[in-house]
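Let's take a walk through this structure together, one region at a time. Keep the viewer open as you read, and pick out each element as it comes up.

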Amino acid sequence: MPSNTNRPPRRGPMGGGRGMSVPGEKAKDFKGAVKRLLKELNKFKILMLLSIILAIFSAVLTILAPDKLSELTDEISSGLTVNTDNLQELVNITTENLNEERLKEIIPQILDINIDQNTLNYILSNENISQQDKLEFQEAITDMSNMTDESQIYSIISSLPESILESLLQSTNLNGVEISSQDKIALLKSIQNIQDENLSNIDLPESIQNVLFSQFDMDGVTISPSDQYEFLKIMSTMSDSSQAQELYSKLDQMPESIKTVVEPFMNIDDVKKIAITLIIMYCSSAILSFISSLTMTDIANKFAKSLRTRISKKINKLPLSYFDQHSIGDILSRVTNDVDTIAQSMNQSLASLVTNIVLFLGSIFMMFYTNWILALTAILSSLIGFVGMTFILNKSQKYFIARQEELGNLNGHIEEIYSGLNVVKAYNGVKDANITFDKLNQKVCDSNRKSQFLSGLMQPIMAFIGNFGYVAVCIVGALLTLNGNISFGVIVAFITYVRLFTNPLSQIAQAMTSLQSTAAASERVFEFVDEREMSDQKQATKRLDKSKVKGNIEFDHVVFQYENNDKPTIKDFTATAKAGQKVAIVGPTGAGKTTMVNLLMKFYEINSGDIRIDGVSTKYLTRENIHDLFTMVLQDTWLFEGTVKENIVYNRKNISDEEVEEVCKEVGIHHFIKTLPQGYNSILNENDSVSAGQRQLLTIARGMLEDAPFLILDEATSNVDTRTEELVQKAMDKLTEGRTSFIIAHRLSTIKNADLILVMKEGNIIEQGNHDELMAKNGAYAELYNSQFQL
Amino acid sequence: MFKLLKNLTKKDILLAIICIALIIGQVGLELKMPDYMSEITRLVQTEGSQMKDIVQNGAYMLACAFGSLIFAAFAGYFASSVSSNFSMRTRKKVFDKVANLSTQEVKQFSTSSLITRTTNDITQIEMLVSMGLQLMIKAPVTAVWAVLKILNKGWQWSLATGIAVIILLSVISILISIVMPRFKIVQKLIDRINGVTRENLTGIRVVRAFNAEEYQENKFEEVNNRLTRQQIFNQKTFSVLQPIMNVVMHILTLFIYIIGAYLIKEALMTDKLAIFSDMIVFSSYAMQVILSFLMLAMIFMMLPRAEVSADRINEVLDTDITIKSGKVKENKTGEVGTVEFKNVSFKYPDADEYLLKNISFKANKGDVVAFIGSTGSGKSTLINLVPRFYDATEGEVLVDGVNVKEYDSEFLFNKIGYVPQKAVMFNGTVTSNVAYGDNGKGEISLDKVKEAIKVAQATEFVEKMDDKYDEHIAQGGTNVSGGQKQRLSIARAIARDPEIYIFDDSFSALDYKTDYILRKELKKYTKDATTLIVAQRIGTIMNADKIIVLDEGKVAGIGTHKELLKSCDVYQQIALSQLSKEELENA
């Protein structure tokens, strides 16, 4: 039996460590392995397709989202730009009211100055007006009579005393607007400013505003004369129209109606609409990918489960020779680690591979669709980064491998020293061990530092690539925006695209490496599943009934050779065991004793010759039938984790507790079992206080419970001390009564009373007979026997 | 954990501080970038901006990005230096400690557990230190710094970000609290799957002989079903995380934009643009904040595992060495090759019962002293007191007239050739295995090795090997058979030329004939040496000068074979169970 040397590597509850990308081993035939894997996955085809389609939809939604986001940004940024068209139009319309011709026409209408004789008389005869004022007025009239220029006339009038003006400018009604004389005076005083379109320092009364400006509608907003006046008044304070910031601050002072027309317009309803669309997109993308991963989880785990089942069933179909050549650790690691790798990478990598490829291609498509210049910029700039990263990755690969190797060496050394600690100490090997340890430890430290540094570098480099792409897109995008080729939203969209484009690349790379190790793992799993099974049993046409077998066995010129050996282990074995006989097989190590038992149990197929039970060739009996006829107890104290009772009853049904106790009493283990905390229900596991001898007694008890016509004891008592052995022997003798038994033993004392002793050497029987006969012969047996007393 | 971190040297701490400074610098630069981003945004949005301003800001931003890359690279370098140096030293410490542990302490831990503690557990800690130095510092620094930067930019945005962080953290903590305990169950089930498979494999003959294939398969299937169910549950539960994370992050961005839209709408014309660029910047800061919280959450997921590892390592480091080397380095008494037990009793520290009680005997130079008794009678323990694998609880063990506790252990070991029951082979060659160790007499020559191999009856098979004495021996000696290993291990003791041989049931894997010849040759070769033998077979010890019969830790008889046959019941029983009366008398 191959000893278990490779323990499966321990795994933490969360799988491997993060950040340490250990290079996966490569499959021998990657394509073949993947093809095979896909073939095995055939029954999950529809579900897988569903999962992949969902993943694709989810990815497509992810790609479309930035486009929507760009719309949203555009909508918001439209809330930043002043409506210059309206602004210009406003300026045009309002200043139109103040142009020369119109003023010429309207001002006299407003003022309605009437300097006729009546007025003159009225003023001059008015006692409320002082003499002084009257004089001034007369002078002014004289001056005016020579003048034609209106503005000069207005300026002279405006300089007249208040009392005069009141009389001159009577309140009138123009176009339904009542204009008081006070208002007229105010206008008169501002005429010069109005003509210069400089409204900043003056204050026109409302009535004047109403007459000067006429109300109009713009974009459905009514702009009142006073608002227009206010607008012009603020605009006239602008020093330089090119200063955006100044314009913005002036705009903030504008009347509501003007603001409404001129200020940036953001349609908040549109914003809401886009936002809702986006939320729906994000959520449905998430839900789709969630369903996709749920489906994938189901597939992956069910597939893994079916693989494990197949391996477990396969174990029992393989010929024993397989296990001679393969370590237990190897098979174990296929059941757990390899299957786990497959399941994990199916669960994570496959879906992510599909998603990321879609994201990658989709983002390229969307980029070119949106703007090819920016697309090229984004792709080129990230490509430069990726070339650099690939370079580093390739460089670092060897450090990762070195790290694994060095760590393996160190761990090997530690294992070796720890497990042989007593010898190491007793031979003063600690110093040497320390030197080796330090050397290996230093190497691990060095390769650790390098590989950790390099693997730690990946993430910052990725971030840099992202930023580089961002800046490139921003600059080129800004250039395009300034030239008016694209909107700002496009830049925002591209920033997301750059991320969507760079992320998948590294993810795809990661998925590919994990696909590599998956291929390698599935190769190993399928290699095991495809392993040649034991020959079929078609020719097994006969059946021996357990209760009717007499117990004769004949070995007829049996020849057997292990598959990988160059010479036969059993050469020409001929012997007959009669019903009820106790047959012992002795001989030096390697003589083929255990092999004979294996052949008898049909664990291996003999090459030539024949073994007959009651005259029936075992060729015509099924393995199960033969196993049924034999009880076998081996040197290996094979117990499993379970209660004492479970271990003794094993797979048999309808065994009462009394029967179990009975057997245990016979082999002398009953008392010990009773001292265990839970008696027969105590759980047995590896590191228990049950000694090797006690374990052996338990397996003997298990064997004795089987009521079969044949008994095989292969070194069954080698682990118990000789005194205990005697007890067992007695019990066993009782058991072997009437049964044909085969006993292999190291200790010759065990087999002295055998009916037939077969002395084997190099696959042959060199002597046979009972103890006395063989001793008398003074041959090989005698020599073997006597050697135990010599020193 | 912190206790273990005390192992950092001053240099490590200095490097760690530099590393922290670098990371703070890196974060600073990283967080500076959005400022340039906002400047670029503003420039692009404003009419009449100069292209050169945009390029300039872009260049600044790239400079920041590159600077942060450089800082990160250096920080990474220092962090990996610190972590790998730290793990190297810790590993060395554990290794040294284990090398000084007594057999009993090793047993308490179990060898395989000690191996895991020296390898996997330290790797676990190393990863935490390396990641911790970077992420554990970076995450909170980023979080705090970014929060400070965005705090005054608009409480509405901060509120949205805060809510997003809370949602994410609560989702993660709920998931962890659901899944974490179940991960442990999965681990147990995987062990169980392994166990059932191993059981089937190791017992393949028994399984087949009992026609129990179906029984095993059903057993496997039951565990397989449970494992699959549990795995599916765990993975499905956990697969909620990714979509939720995506949705929360995307929707947060969206909300920042929507809030921005409202703010811009309400704002004065003068403030609009500022708010817009704030919005863009905020959304990138908010991502930083969220990501750093996610990082923190991840570290917290790692911490408990590392904590367990740290505890396991500390357990080893804190173990007191019970067996300390003495000072005697020369023979004082003039006695050579004597071993004497004076009223020796032994029990494990926590045990109630004595394993050995009141053992007294003396072996003189050249004597062969044999120990026999049934399983559990204490023979191995007794013999292990001589090389001090255990120390006697009471009484004295004297070698050459000096208590073994007083010897410098190296000096004591040089007197002894110890052959264990289970042969130990080291990775190397036949020669390196036989010439293993140091006997204080200089290097062991090849001739000596060959001679030892010859005495140990190993010449025949060694010479049959392809490379003979240079044949490679795999770790644990997996490429040689049990009997061959045992003979090489005996040769190793012979090559040492010790004063005292200790054979702890070392002949068990040999057949009678080889056993016999080997003992005969050995006797010839080691005439002057004292030999202590533990054996099961009467034949092996019959001719010893002194046979000590042990029964339940007490001496049941001392004498020669013939004397004991007459006087000692226990011996008689053992002898009779192996040989017939006539044989015993004839011998």
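A good place to begin is a pair of helices in chain B, where α7(B) passes α11(B) in a right-handed crossing. Bear in mind that this is a predicted model. Helix α7 of chain B spans residues 155–202, and its axis comes within 10 Å of that of α11(B), the two crossing at roughly 20 degrees. An angle under 35 degrees counts as roughly parallel, so α7(B) is roughly parallel to α11(B).

You can trace the contact residue by residue. On the α7(B) side, the participants include B:W157, B:T161, B:A164 and B:V165, followed by B:L168, B:L169, B:I172 and B:I176. Facing them from α11(B) are B:F282, B:A286, B:V289, B:I290, B:F293, B:L294, B:A297 and B:M301. Sorted by class, this contact of α7(B) with α11(B) has 15 nonpolar residues, one polar and no charged ones.

Helix α11(B), residues 269–317, also packs against helix α6(B), residues 120–151. Here the axes are 7 Å apart and the angle is about 150 degrees. Since angles over 145 degrees count as roughly antiparallel, α6(B) is roughly antiparallel to α11(B). The crossing of α6(B) and α11(B) is left-handed. The contact of α6(B) with α11(B) comprises 23 nonpolar, six polar and four charged residues.

Moving further along chain B, look for an open sheet of four strands, in the order β2-β1-β4-β5, with antiparallel pairing. Which strands of chain B stand at the edges? They are β2 (356–363) and β5 (402–403); each has a single partner strand, so one side of each is left without a neighbour in the sheet. For β5(B), two antiparallel bridges link it with β4(B), residues 394–399. In this part of the sheet, B:L398 has B:N403 in β5(B) as its bridge partner.

Now bring chain A into view. The two chains meet through 142 residues of chain B and 130 residues of chain A. On the chain B side, helix α3(B), residues 51–100, supplies the largest share, with 24 residues. That side of chain B divides into 66 nonpolar, 53 polar and 23 charged residues.

A residue of chain A that touches chain B is A:S293, found in helix α14 (residues 268–315) of chain A. Leaving aside residues up to four places away in sequence, A:S293 touches A:A351 in its own chain and B:S239 in the other. Is A:S293 buried or exposed? There are 27 other C-beta atoms within 10 Å, so A:S293 is buried. For a sense of scale, the C-alpha atoms of A:S293 and A:T750 are 64 Å apart, with their positions 457 residues apart along the chain.

Compare that with A:R36, which lies in helix α1 (residues 30–40) of chain A. A:R36 is partly exposed, because 17 other C-beta atoms lie within 10 Å. With residues up to four places away in sequence left out, A:R36 touches A:S522 and A:F526. A:R36 and A:F526 are 490 residues apart along the chain, yet their C-alpha atoms are separated by 8.4 Å.

Our last stop is a hairpin in chain A, formed by β15(A) and β16(A) with two residues between them. Strand β15(A) covers residues 756–761 and β16(A) residues 764–769, and they pair in the antiparallel sense over five bridges. One of the partnerships joins A:L758 to A:Q768 in β16(A). In the turn, A:E762 has a positive phi of about 45 degrees.

Key:
Residues are numbered from 1 along each chain as its sequence is written. Chains are lettered from A and ligands numbered from 1 in the order in which they are written. This is a predicted model: local features need pLDDT of at least 70, side-chain atom pairs count only at pLDDT 80 or more; totals for chains, interfaces and linings use all residues. Two strands pair if DSSP finds at least two bridges between them. Axes are lines fitted to C-alpha atoms, for helices over the stretch in contact, and angles run from 0 to 180 degrees between N-to-C directions. Angles under 35 degrees count as roughly parallel, over 145 as roughly antiparallel, 65 to 115 as roughly perpendicular and the rest as oblique. A crossing is left-handed if the near helix is turned anticlockwise from the far one by less than a right angle, and right-handed if clockwise. Ala, Val, Leu, Ile, Met, Phe, Trp, Tyr, Cys and Pro count as nonpolar, Asp, Glu, Lys and Arg as charged, and the others, Gly among them, as polar. Two residues are in contact if their C-beta atoms, placed from the backbone, lie within 7 Å. A residue is buried if 20 or more other C-beta atoms lie within 10 Å of its own, exposed if 12 or fewer, and partly exposed in between; C-beta atoms are placed from the backbone.
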